[in-house]
Amino acid sequence: MKEKKELTVVSIILGILLAVIFGAANAYLGLRVGMTVSASIPAAVISMAIIRFILRRNSIVENNMVQTIGSAGESLAAGAIFTMPVLFMWAIEDGSAMPSLLEIMLIALCGGILGVLFMVPLRQTLIVDEHDKLPYPEGTACAQVLQAGASGGAKAGTVFSGLGIAAVYKFIADGIKIFPSEVDFSIKKYKGAGIGVDVLPALLGVGYICGAKTSAYMFAGGVLSWLVLMPLISLFGGDMIMYPGEIAIQDMGTWDLWKCYIRYIGAGAVAAGGIISLIKSLPLIIKTFTQSIKGFKSNKDDLPIWMILGGVLVVAVAMWLIPAIPVNFFGALIIIVFGFFFATVSSRMVGIVGSSNNPISGMTIAALIIVSILLKATGNGGKEAMVAAIAIGTVVCIVAAMAGDTSQDLKTGFLVGATPKKQQIGELIGAVVSALAIGGVLYLLNEAWSYGSAELPAPQAGIMKLVVEGVMGENLPWGLIIAGAGIAIAMEIIGGSVLPFAVGMYLPIHLSAPIMCGGLVKLLVEKNKKAKAEEREGQLENGILFSSGMIAGEGLIGILLAILAIIPTGKVDADGLSISVGQFIDLSGKFSTGNIGGLVFFALLIGSFLFFIYKKHKPSLEEVTRAEIDAEVAAMEGVDKEQE
């Protein structure tokens, strides 16, 4: 029997490139908006375009290997950005040293490897034995894309179109700045209120992928914060100076109110929402863990169990003994216990509810609370203990994210006939490469804009920071945090979707408004009654592919602009300060279309989005030939039946 060509030089190199690209793009997106998107389908489509149509090779399992390695980068980045920016925030606040690249790389590497290894013994039970019970939505969808590879050229064209348009748009908006990427309006007769929209392609794409319902909850949270809570604070605050604000409330603008008060209220809502999500999932989590443990076994198609146990032991000892990792023996033990538990839970839950609904943030918050309490109870305190708590939480978060991604990829592989052992090696390759790259990405973004700023709010990391500081006894405005938690509980009582609403409260309304626009675009496509069901499915898929391209395109240009922001030109300004390349290409001081221009360009972007959604691709020669063959076969079968 001829061996399948899966782990080829082409698949490894292409997978590594996509892992770094989508990892960096998702890191930028997650730090901007607080959520990431799956890279499996766009990675598979790009792989088919290159391997099938450029290299003239036709191997579905080789394409599957590319998306396996590529999607690992996105998952590891998603886990890292939820927690690691906290280390940078603390360093800025107290003037201490930034986390080293080695520290970031090793922490991410430990989480990535453990996430894959913990999931491997579950594959036989979750993917094979329970194939009919666990659909794994993203994994199944990716398999369908790979199996429909004949139209890969058109699909890849849609992805690349979104990527190219978003890249040019982002560079014009935030590079040369002909129009502002953030349109902001203050409402003078309604003091404290504000409205605005970040006219950016990635946010439009995120809204489309999330859908109208989730987008509406996020926007509703923004409306509550910016059009209700902030005006109320301004109305009743008067000349009062309320902590953590340092000036009278009546002298505060909209952004001052958001920074000093709304962020804490929103953080309390998000933390409560994460815990509520975890509690609601508790019966499923317990059932999942029990069933997964029963099926925890070695299989000849997987990596051998001795390699898995040995790998886990090596990682555990490394976390304990390597000085660059701020974790002691107790911390390493906590990571193994929590990591194994959340990996088994995540691997099964994504099979039921999908990766998008996997409560990883809730798991991480719960882990951080428990870890912080245990560290404090054992006599550990201060900055060193808080750093250790974040390191532990980071590894656990990455483990959960990687285990969920690995299970989705193995489901795809099962459906397309891939070799599990080779896929697992591919996952490890993706984890290692992404761990090596993520430190540079985090450093670059922090150097360019700094975490917690308007450009990079780092919402999830901000919440993790509040959790650790709160448990360790730091001075936090608990009244604001508890008020936010109360709002989240009220939303749960009336049956709303808590987490999207809470995230909308926490983020500026400028972010949730364009996400709402993307949700409305998807609703428009879904409600298109003139289109046939099959045609509408194609349009929805076009939207997903174009959205993925827009997210990747903006993320990549965001990384490029961060690089340009720290490269000096050798020139100085009037104050004697060095001018960077990013400042040099900024034309906003000479020419700008202003807020109106920003809205016009955003309208044009939405128009191009709709054009590619409704665009019909011409069938390739291969598709035409296949259709003709199918028609001839059908005709022959009809003749045979008549003769009978």
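Is Lys170 buried or exposed? With a relative accessible area of 1%, Lys170 is buried. Keep in mind throughout that this is a predicted model.

**The chain as a whole**

The protein chain has 25 helices and 4 strands. Of its 644 residues, 56% are buried. The chain exposes about 26,500 Å², and carbon and sulfur atoms supply 66% of that area. Looking at contacts between residues at least 6 apart in sequence, 82% join residues at least 24 apart.

**Salt bridges**

Side chains of opposite charge can pair when their charged atoms come close. Here the structure holds 8 salt bridges, including the three below.

| Salt bridge | Closest N to O distance |
|---|---|
| Asp302 and Arg123 | 2.4 Å |
| Glu554 and Lys170 | 3.6 Å |
| Lys465 and Glu469 | 3.0 Å |

Let's return to Lys170, whose partner is Glu554. Lys170 belongs to helix 8 (residues 152–175) and Glu554 to helix 22 (residues 533–566), so this pair ties together parts that are 384 residues apart in sequence. Glu554 has 2% relative accessibility and therefore counts as buried.

Next comes the bridge between Asp302 and Arg123. Asp302 sits in the loop between helix 12 (282–294) and helix 13, while Arg123 is in helix 6 (residues 123–129), so the pair links parts 179 residues apart in sequence. Asp302 is buried, at 3% relative accessible area, and Arg123 is buried as well, at 4%.

The bridge between Lys465 and Glu469 lies within one element. These two residues are 4 apart in helix 18 (residues 459–471), which means that about one helical turn separates them. Both are buried. Through salt bridges that share partners, Glu93, Lys465 and Glu469 form one network.

**Inside the helices**

Helix 5 (residues 101–119) offers a neat check on geometry. At 1.5 Å a residue, its 19 residues should span 27 Å, and the end C-alpha atoms are indeed 27 Å apart, so the two agree. Helix 5 is mostly covered, with 17 of its 19 residues buried.

In helix 14 you will find Ser347, which is buried at 0% relative accessibility. Leaving aside residues up to four places away in sequence, Ser347 touches Met119, Leu122, Leu126, Tyr136, Ala403 and Ser407.

Ala91 is located in helix 4 (residues 85–94) and, at 3% relative accessibility, is buried too. Beyond residues up to four places away in sequence, the contacts of Ala91 are Ser96, Ala97 and Met98.

**Cysteines and a glycine pair**

How many disulfides does the structure hold? There are 0 disulfides. Cys110 is buried, at 8% relative accessibility, and Cys397 is buried, at 1%.

Gly253 occupies the loop between helix 10 (212–237) and helix 11 (254–280). At 31% relative accessibility, Gly253 is partly exposed. Gly253 and Gly194 are 59 residues apart in sequence, yet their C-alpha atoms are 9.2 Å apart in space.

**A nonpolar patch on the surface**

Which residues make the nonpolar surface patch of about 690 Å²? Leu313, Val317, Trp320, Leu321, Phe329, Leu333 and Val337 make it. Helix 13 (305–321) and helix 14 (329–353) each supply at least two of the patch residues, and helix 13 gives the most, with 4. One of the patch residues, Leu321, is in helix 13 and is exposed, with a relative accessible area of 53%.

Terms used. Residues are numbered from 1 along each chain as its sequence is written. This is a predicted model: local features need pLDDT of at least 70, side-chain atom pairs count only at pLDDT 80 or more; totals for chains, interfaces and linings use all residues. Side-chain values use heavy atoms; hydrogens and water are left out. Buried means under 20% relative accessible area, exposed over 50%, partly exposed in between (1.4 Å probe, protein chains only). Contact means heavy atoms within 4.5 Å. A disulfide is a pair of cysteine sulfur atoms within 2.5 Å. Patches are made of residues with over 30% relative accessible area and no salt bridge: like charges are joined within 9 Å, nonpolar side chains (Val, Leu, Ile, Met, Phe, Trp, Tyr) within 5 Å. Accessible areas come from the Shrake-Rupley method with a 1.4 Å probe; for residues, only the protein chains shown count as cover. A salt bridge is a side-chain nitrogen of Lys or Arg within 4 Å of a carboxyl oxygen of Asp or Glu. The expected span of a helix is 1.5 Å times one less than its number of residues.
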